[in-house]
Structures are given as structure tokens and as C-alpha cells.
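Dear colleague,

I am handing over the structure below, which I would ask you to look through before reading on. My notes come after it.

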Amino acid sequence: MAKLTDFKVLSFDCYGTLIDWETGIRAALVAWRKREGLQVSDQELIEAFGRNEWVQEQETPDLLYPEILARVLRRMAKSWDVHASEADAKAFGHSIRHWPAFSDSAPTLKYLKLNYRLVILSNVDRKSFRHSNARLGVEFDHIFTAQDIGSYKPDLRNFQFMLDRLASMGIEKTQILHTAESLYHDHIPAKKLGLATNWIYRRHAQKGFGATRAPTEEVTPNFQFNSMAEFADAHRIELLAKSSY
């Protein structure tokens, strides 16, 4: 059975795992919802975002993420028969810079950086990620975005791109633990390419899958924690056990 200390590299999804995108999405749409008199719950809003985002990414994989978000808002507005102006769409597209990090992300990454190489594999563009990176407070060893690859997870090309780049640096697949919240976007495709995975189950106390799509097939992560802090604690325990041998 694999242990956390068996791995040398942690590859991370960012949004939903390290950055609290659901809080960020809700905050970005407060004024729009109020102006349009939109009578939907926060949960309905987030689920509508999730339904429309993955479709938009599949339809237009060449678009940068801010434009994906802009089009998602337009789709949501159309489905509810309300208006979303060009200004609304543009503002939502650029709201990523304001999305907060989960409170445990920065301190946990700081700790993990002492023990692993850290990699980002994210459905975002480089400019948007720079704002998020500043909130995470750590220098990642490698950053791979949808902009670099030309497609969006769960496309296997995204994971293969990362694996190929890391292999060229002498990093083997067996040394990598892919760490993410979304079963659909991350765990299913990562497992198909033979990666070990670590599920940060941020939504463990909530119903449904929120801003991500429900998994379309069964998948069993190698590890599961409800937070990054729990992940770090488990790693510390393993290190202590190893040092006592």
C-alpha cells in the first residue's frame, strides 16, 4: 500500500482544491443577481455554473479561461431568462484575481514545499493564475495551464502534457501524487494514465458536487482527506513513524 512519503512530486489542481472558487464565484455575482432579481439559491447558482462551465470548455478549448467564464455567465443568464451585459460577462471573467484561497492552503503548501516538488496543473490561463499564486504564498516548481496545453481537464492531453514535461526532467510517473478535489476533472483522467491520486474532499459536508461535474464513472483515489491541513498532518505522522524505526 502506497504511503504519502513514497512520492517526490505533488501535482495540484488549483480551483476548488487550493483556491475557494465557489466563494469567489458567489461573491463575483452578488451585484448581478440582485440587479436581475434572480431568485435562485447559492447552491443552484454554483451547480448551474458547474453544468455550463464543463460544456463551454469542451466546446471552446482554445479560449482563455476569462472568456470561458464570460460565456458561462451568458449561458446561465439565458437559462434563467435574465440579462448579462458585456460588462457583466467581462467582469466575471476577470473575477479570478479576487477569488480567495482556502485558509489552510498557504500554510500547508509552505510545509509541503519542504518535502516535495510542487506542480500546478490547472484549467486556467497564466495571467489569472499569477493572482491566485500570490494568495497561495509559495513558489511552484512547475506550472502547467490550459493556456499552455490548448485543452481543458478532463482531457487526457492535459495530464499527458504534464507527464511528458516532468519526464524530460527525470521525474517518473511513480514519483508523482496528483492532488485535487474534482473526481471528474482530475481523478478519473489521472487514474487512466496511471497516476496515484489524493482526494482533497473540500465538499465533504455539503450535498452534490457544486461547481464541478459529477463523476461519470467510478474512481477510487489512493488517499482521501477533507482538507489540505489533514493531508499535511497525515504526512507529519508518516515522517514521525519513519524516524522511529
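What follows is a short account of the sheet, the aromatic rings and one pair of helices.

Please keep in mind that this is a predicted model, in which local features need pLDDT of at least 70 and side-chain atom pairs count only at pLDDT 80 or more, while totals for chains, interfaces and linings use all residues. Residues are numbered from 1 along each chain as its sequence is written, and side-chain values use heavy atoms, with hydrogens and water left out.

The sheet is open and consists of six strands in the order β3-β2-β1-β4-β5-β6, with parallel pairing; strands here are DSSP runs of E with at least two residues, helices are runs of H or I with at least four, both numbered from the N terminus, and two strands pair if DSSP finds at least two bridges between them. Because β3 (142-145) and β6 (223-225) stand at the edges with a single partner strand each, one side of each has no neighbour in the sheet. From one strand to the next the twist averages 20 degrees. Strand β2 (residues 117-122) runs parallel to β3 and is joined to it by four bridges, and L121 has F144 in β3 as its bridge partner.

F144 also belongs to an aromatic pair, where rings of Phe, Tyr and Trp (its six-membered ring) pair if their centres lie within 6.5 Å, and planes under 30 degrees apart count as stacked, over 60 as edge-to-face and the rest as tilted. By this rule there are eleven aromatic pairs. The centres of the F144 and F161 rings are 5.8 Å apart and their planes stand at 80 degrees, so this pair is edge-to-face. It links distant parts of the chain, since F144 is in strand β3 and F161 in helix α9 (residues 156-167), 17 residues apart. Both F144 and F161 are buried (under 20% relative accessible area with a 1.4 Å probe, protein chains only; exposed is over 50%, and partly exposed lies in between).

The rings of F225 and F231, by contrast, have centres 5.7 Å apart and planes at 20 degrees, so that pair is stacked; F225 and F231 are likewise buried. One aromatic cluster is formed by Y15, W21, F49, F92 and W99.

Two arginines lie over ring faces (CZ of Arg, or NZ of Lys, within 6 Å of the ring centre and within 35 degrees of the ring normal): R202 over F102, at 3.9 Å from the ring centre, and R236 over Y111, at 4.2 Å.

Lastly, the axes of helix α3 (residues 42-59) and helix α4 (residues 65-79) come within 9 Å and cross at roughly 125 degrees, with axes being lines fitted to C-alpha atoms, for helices over the stretch in contact, and angles running from 0 to 180 degrees between N-to-C directions.

With best wishes
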